[in-house]
Amino acid sequence: MNHHSTAPEPQRTAVITGAASPRGIGRATARRYALQGWAVALLDLDGDGASAAAAEIAEETGVSALGVPVDVTDKDSVVAAAEAVRSSGLPPVGALANIAGLASPVPFLEVDLKLWQRVMDVNLTGTFLVTQAFLPDMLEHGYGRVVNMSSVSAQQGGGVFSKTPYSAAKAGILGLTRSLAREVAEHGITVNAISPGVVDTDIRAGATDEENEARLSAAVPMRRQGSAEEIGALVVWLSGIDAGYITGGTHNINGGAYIA
Ligand SMILES: NC(=O)c1ccc[n+]([C@@H]2O[C@H](COP(=O)([O-])OP(=O)(O)OC[C@H]3O[C@@H](n4cnc5c(N)ncnc54)[C@H](O)[C@@H]3O)[C@@H](O)[C@H]2O)c1
């Protein structure tokens, strides 16, 4: 098997969850995959949004792109989405980017069990369910890259929009990533986490204002927020042939906000 190559990547499909949000990381990541020649399957709770994003990406890049509705917290829905990807005629799944997420700004004493479970389910259980659904495709075809979305909130504690349930779920993703990386390494499949700092998307909609946004940027040594494109570029690189010896890692992308 080729462990490194300067040739174009063979035709494979990248599955991206949380890919409908118009200014979101998932959608920018899907576009980045497509620009590198990957076919893409965009999965989101917002199925119409995912299909619209897929159509735009296909038109811009010429790759095959599919939008699929999914609730990552619901096993039946995840299994159905995986079946939809398999029967779509897209090339074999070679990469999975678990990007669907949900943040919560609620202070600890006000977090009820329902909110706690929802934030855990979308971020952590969703990553478990979707990875379990697509790992067999990677094992079957002998190539696999899983990239999970953590957050600087897992490492240094939450901030304005991301308090305890979010930090706990994103820290859980690091444990899942490390353990699964060890388990599947012998099959040549890599499992990595990326840990962005503050990224300019709509995830904080309603939970912050202009002054807060300015404060968020000022607290970053680079004095700006990251862009969804920058995050997507890292996800796609970690999915390539050249990243084949990198596994179990937490890859910080935060403008210096957390340096460990
Ligand atoms: N924006 C940031 O500052 C930042 C920083 C670190 C990590 N992250 C993480 O990056 C990821 C993407 O964040 P974003 O900023 O693009 O957020 P976003 O809110 O713009 O996008 C999140 C997407 O996830 C989808 N989603 C939510 N629940 C779902 C479910 N149950 N099933 C399927 N899809 C679901 C939403 O429909 C949406 O399209 C999240 O995991 C987030 O926690 C974001």
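**The ligand and its surroundings**

I'll start with one contact: an oxygen atom of the ligand lies 3.3 Å from an N or O atom in the side chain of R204. Bear in mind that this is a predicted model, so I'll come to confidence at the end.

There are two contacts from ligand nitrogen to go through as well. A nitrogen atom of the ligand is 2.9 Å from an N or O atom in the side chain of D71. At V70 the partner is a polar backbone atom, with a nitrogen atom of the ligand 3.5 Å away.

How much of the ligand does the protein cover? On its own the ligand has 830 Å² of accessible area, and the protein covers 92% of that. The ligand sits in the largest pocket.

Next, the shell. Two or more residues each come from α4 (113–141) and α6 (164–184). The shell around the ligand is made up of 15 nonpolar, 9 polar and 5 charged residues. Of the 29 residues around the ligand, the ones that come nearest are S21, I25, D44, Y166 and T201.

Last, confidence. The average pLDDT of the chain is 94, and 95% of the residues score at least 70. Where is confidence lowest, and where is it highest? The lowest is helix α7 (residues 210–218), with a mean of 86, and the highest is strand β1 (residues 13–17), at 99.

Notes:
Residues are numbered from 1 along each chain as its sequence is written. This is a predicted model: local features need pLDDT of at least 70, side-chain atom pairs count only at pLDDT 80 or more; totals for chains, interfaces and linings use all residues. Side-chain values use heavy atoms; hydrogens and water are left out. pLDDT is the predictor's confidence in each residue, from 0 to 100. Helices (H or I, at least four residues) and strands (E, at least two) are DSSP runs, numbered from the N terminus. A residue is near a molecule or strand if one of its heavy atoms lies within 4 Å of it. A polar contact is a pair of N or O atoms within 3.5 Å; within protein, one must be able to donate a hydrogen and the other to accept it, and residues adjacent in sequence count only if both atoms are side-chain atoms. Accessible areas come from the Shrake-Rupley method with a 1.4 Å probe; for residues, only the protein chains shown count as cover. On a 1 Å grid over the protein atoms alone, a cavity is a set of points where a 1.4 Å probe fits but cannot get out, and a pocket is an open set with protein on both sides within 12 Å along at least five of seven lines; lining residues have an atom within 4 Å of a point. A molecule sits in a cavity or pocket if more than half of its atoms lie within 2 Å of its grid points. Ala, Val, Leu, Ile, Met, Phe, Trp, Tyr, Cys and Pro count as nonpolar, Asp, Glu, Lys and Arg as charged, and the others, Gly among them, as polar.
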